[in-house]
Amino acid sequence: MKGKKQTLGEFIIKNQDAFKFSSGELSSLLNSIRLAAKVVNHEVNKAGLVDIIGAYGDTNIQGEDQQKLDVYANNTFIQTLTRRNIVCGIASEEEDHFITINSIDQNHQNKYVVLIDPLDGSSNIDVNVSVGTIFSIYRRITPVGTPVQLADFLQKGSEQVAAGYVVYGTSTMIVYTTGDGVNGFTLNPAIGTFYLSHPDIKFPEDGSIYSVNEGNYLDFPLGVKKYIKYCQEEFENRPYTSRYIGSLVSDFHRNMIKGGIYMYPKGSRNPDGKLRLLYECNPMAFIAEQANGKSSDGYRRTMDVIPIELHQRVPFFCGSKKMVTKLEDFMKKFGE
Ligand code: AHM
Ligand code: MG
């Protein structure tokens, strides 16, 4: 093997100066996410061994059952980010309201806000299928020295300064971008270190995998139905392959490596789609674009959607550029 593999910690420091707002704080923030990811990974890996799986009893703001690991992951990320005192606010998919972070000596001096889905795809936990963490980082827009406001969280995705995910899969990986391409790091569990394993990841321009919950087919907009039929047609390099794990992070990750499209359209049960703009769609859209892919709500760029509330949902189509563009063509032609 040639040379020593770069660790995530080394990579963060080395690339700090390339980041346009560089002051070391973003590096520190990414390091705290790295730490929390390791802690959560340890717990996720034990899920089958100890009696911590199953519904916790709480119901989150979207009316879904929370499971113990969701709560654990939520608390771990919030505590880790809070203790380092580098962010001024956190919004989590598991919390109704955003959290203001301040310490007396700091007096609201921190510049970054973090939005996080601490454990996405959590219904997969008790069947031993991959889950993930998704995070999104912005600079606050209200003045430093004052308490963080809702407006600091309701920024367009195009304003993100960093975004990433952790996939707790056959290997545990962190994949992230600070707006200068996408890099992936794989955890060596024996020593608890992430190594750069996937430098400068790019979506293939076109792909042959489509990922959608086809059980909802009858409920889909006509444009999506027609697109799915197009994927299934026997012509040129079609039919495409259908692959759906039901964990956004894993479905996205596979499609980014192999070439494909992920779709969560709206339907009568999910009139705005199921996925959350701020915690799930925007961070994935930022990573997708940085990896030469594309993300859309069917008609417009995901990262141009103006957020109006923290837990807002949007239809989501994300993946290889040519596939997402083709889906948009079908939406334009056949609509709802
Ligand atoms: P969650 O945030 O409650 O875990 O839901 C998000 C998950 C995504 O990871 C996944 O792609 C999608 O929901 C699957 O939904 P469905 O079971 O309706 O296909
Ligand atoms: Mg989620």
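Mentor: A salt bridge is counted where a side-chain nitrogen of Lys or Arg lies within 4 Å of a carboxyl oxygen of Asp or Glu. Please keep in mind that the model is predicted.

Trainee: How many salt bridges are there between domain 1 and domain 2?

Mentor: The count is one salt bridge between the two domains. The side chains of E93 and R276 form this salt bridge, at 3.6 Å from N to O.

Trainee: Which residues make up domain 1 and domain 2?

Mentor: Domain 1 covers residues 8–198, and domain 2 covers residues 209–334. Taken over C-alpha atoms, their centres are 23 Å apart.

Trainee: How should one read the area buried between domain 1 and domain 2?

Mentor: The size of an interface is often given as the accessible area lost when the parts come together. For domain 1 and domain 2 that area is about 2,900 Å², and carbon and sulfur atoms give 64% of it. In residues, 49 from domain 1 are in contact with 33 from domain 2.

Trainee: How many residue pairs are in polar contact across the interface?

Mentor: The rule finds 10 such pairs across the interface of domain 1 and domain 2, counting residues at pLDDT 80 or more. On the side of domain 1 that touches domain 2, the elements giving two or more residues include β3 (87–92), β5 (112–120) and β6 (131–139). Of the elements on that side, β6 gives the most, with seven residues. By class, the side of domain 1 that touches domain 2 has 22 nonpolar, 19 polar and eight charged residues.

Trainee: Which residues coordinate the magnesium ion (ligand 2)?

Mentor: The donors are E93 (OE), D117 (OD), D120 (OD) and E280 (OE), at 2.0 to 2.6 Å. Their spacing in sequence is E-x23-D-x2-D-x159-E. E93 lies in the loop between β3 and β4 (99–100), whereas D117 is in strand β5, so the pair ties together parts 24 residues apart in sequence. E93 is also the residue whose side chain meets that of R276 in the salt bridge.

Trainee: What should a reader look for in the backbone?

Mentor: Most residues other than glycine have a negative phi, and most peptide bonds are trans. Here, the peptide bond from R238 to P239 is cis, with omega near 5°. P239 sits in the loop between α5 (222–232) and β12 (241–242).

Trainee: Where does H108 lie, and what is its phi?

Mentor: H108 is in the loop between β4 and β5. The phi of H108 is near 55°, a positive value in a residue other than glycine.

Methods:
Residues are numbered from 1 along each chain as its sequence is written. Chains are lettered from A and ligands numbered from 1 in the order in which they are written. This is a predicted model: local features need pLDDT of at least 70, side-chain atom pairs count only at pLDDT 80 or more; totals for chains, interfaces and linings use all residues. Side-chain values use heavy atoms; hydrogens and water are left out. Domain bounds come from an automatic or database domain assignment. Contact means heavy atoms within 4.5 Å. Buried area is the accessible area (1.4 Å probe) that two parts lose on being put together, summed over both. A polar contact is a pair of N or O atoms within 3.5 Å; within protein, one must be able to donate a hydrogen and the other to accept it, and residues adjacent in sequence count only if both atoms are side-chain atoms. Helices (H or I, at least four residues) and strands (E, at least two) are DSSP runs, numbered from the N terminus. Ala, Val, Leu, Ile, Met, Phe, Trp, Tyr, Cys and Pro count as nonpolar, Asp, Glu, Lys and Arg as charged, and the others, Gly among them, as polar. Donors are N, O and S atoms within 2.8 Å of the metal (3.2 Å for Na, K and Ca); water is not among the atoms, so sites may look incomplete.
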